[in-house]
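Me: I should like to learn how the features of a predicted model are read, one at a time. Please give the general idea in each case and then turn to the example.

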Amino acid sequence: MKRHEARRQAFCLLFEQSLNGGTIDELIDYANEAGSFVPEDSENQAPVPVDDFAVKIACGAEAHQAELDQLISKYARGWSLQRLSRVCLALARLALYEMKWEKEIPVSVSINEVVELAKQYGDAGDPPFLNGILGSAAKELPQNE
């Protein structure tokens, strides 16, 4: 599975958690039992299990949620977390987790991937808003090589 597809799964898990609660582990179990994920580019539409990379980054974002929310509050100047759309919040958590804890992933890749997901799942204002938050964070966070 491509990492873009795994990020889409991780985003869906984080988005679902923001709506209905539960742990990421519970949501992964449910998604695997229900066959919730079908690859976007699949012709046969057969469900696939949650990818290992999706599990890693979704669980990482969950484990560091309080710190990630502080970063989001810092860089989303003038916006409270409650004011952000659930799509923006889930994608910001996902990208900032990668930027801060997944050192093998270039920061530009993390930003570009969530902006693309925002174009697909968010409204028209979400991609530039996320790009601004994450761009500001990228200037201050240590850069991944």
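Me: Let us begin with helix 2. Which residues of helix 2 are buried?

Reply: A residue counts as buried when its relative accessible area is under 20%. In this predicted model, helix 2 spans residues 24–34, and I24, L27, I28 and A31 are buried there. These four cover an arc of only 105 degrees around the axis, which puts them on the same side of helix 2.

Me: Which residues are exposed on the other side of helix 2?

Reply: On that other side, Y30 and E33 are exposed. The buried residues have a cover that includes helix 1 (3–20) and helix 3 (52–63).

Me: What backbone feature appears just after helix 2?

Reply: G35 follows helix 2 and takes a positive phi of about 65 degrees.

Me: Let us turn to the nonpolar core. Which residues of the largest nonpolar core touch the most other members?

Reply: A nonpolar core is read as a set of buried residues joined through side-chain atoms. The largest one here has 48 residues, and L13, L91, L96 and M99 touch the most other members. At least two residues come from each of helix 1, helix 2, helix 3, helix 4, helix 5 (86–101), helix 6 (107–121) and helix 7 (126–140).

Me: Which helix gives the most to this core?

Reply: Helix 5 does, with eleven residues. As an example of the contacts of one core member, L96 touches L68, L71, I72, W101, L134, A137 and L141, leaving aside neighbours within four places in sequence.

Me: How should a pair of aromatic rings be described, and how many aromatic pairs are there?

Reply: The description consists of the distance of the centres and the angle of the planes. The count comes to four aromatic pairs. One of them joins W79 and F129, with 4.8 Å centre to centre and 55 degrees between the planes, and this pair is tilted. W79 lies in the loop between helix 4 and helix 5, whereas F129 lies in helix 7, so the pair ties together parts that are 50 residues apart in sequence.

Me: What is the relative accessible area of W79, and which residue lies over the face of its ring?

Reply: W79 has a relative accessible area of 32% and is therefore partly exposed. R83 lies over the face of W79, at 3.8 Å from the ring centre.

Me: How are the rings of Y97 and W101 arranged?

Reply: Planes under 30 degrees apart count as stacked. The centres of Y97 and W101 are 5.7 Å apart and their planes are at 20 degrees, so the pair is stacked. Both residues belong to helix 5, and because they are four residues apart, about one helical turn separates them. Y97 counts as buried, at 7% relative accessibility, whereas W101 counts as partly exposed, at 26%. K100 lies over the face of W101, at 5.5 Å from the ring centre.

Me: Which residues do ring pairs link into a cluster?

Reply: The cluster consists of F11, F15 and Y121.

Me: Let us consider acidic residues next. Is D69 buried or exposed, and which residues does D69 touch?

Reply: D69 lies in helix 4, residues 65–75. With 12% relative accessibility, D69 counts as buried. Not counting residues up to four places away in sequence, D69 touches L81, L89 and R93.

Me: Where is E113, and which residues is E113 in contact with?

Reply: E113 is found in helix 6. Its relative accessibility is 18%, so E113 counts as buried. Leaving aside neighbours within four places in sequence, E113 is in contact with H4 and R7. From C-alpha to C-alpha, E113 and D51 are 17 Å apart in space, and they are 62 residues apart in sequence.

Me: Finally, how many disulfides does the structure hold?

Reply: A disulfide requires two cysteine sulfur atoms within 2.5 Å. The structure holds zero disulfides. C59 is in no disulfide, and the nearest cysteine sulfur, that of C12, is 15 Å away. C88 is likewise in no disulfide, and its nearest cysteine sulfur, that of C12, is 15 Å away. C59 counts as partly exposed, at 22% relative accessibility, whereas C88 counts as buried, at 3%.

Conventions. Residues numbered from 1 in each chain as written. Predicted model: local features only at pLDDT ≥ 70, side-chain atom pairs only at ≥ 80, totals over all residues. Heavy atoms only, no water. Buried < 20%, exposed > 50% of the residue type's maximum accessible area, 1.4 Å probe, protein only. Arc of directions from axis to C-beta. Contact = heavy atoms within 4.5 Å. Core = buried A, V, L, I, M, F, W, Y, C linked by side-chain atoms within 4.5 Å. Phe/Tyr/Trp six-rings, centres within 6.5 Å; stacked < 30°, edge-to-face > 60°. Lys NZ or Arg CZ within 6 Å of the ring centre and 35° of its normal.
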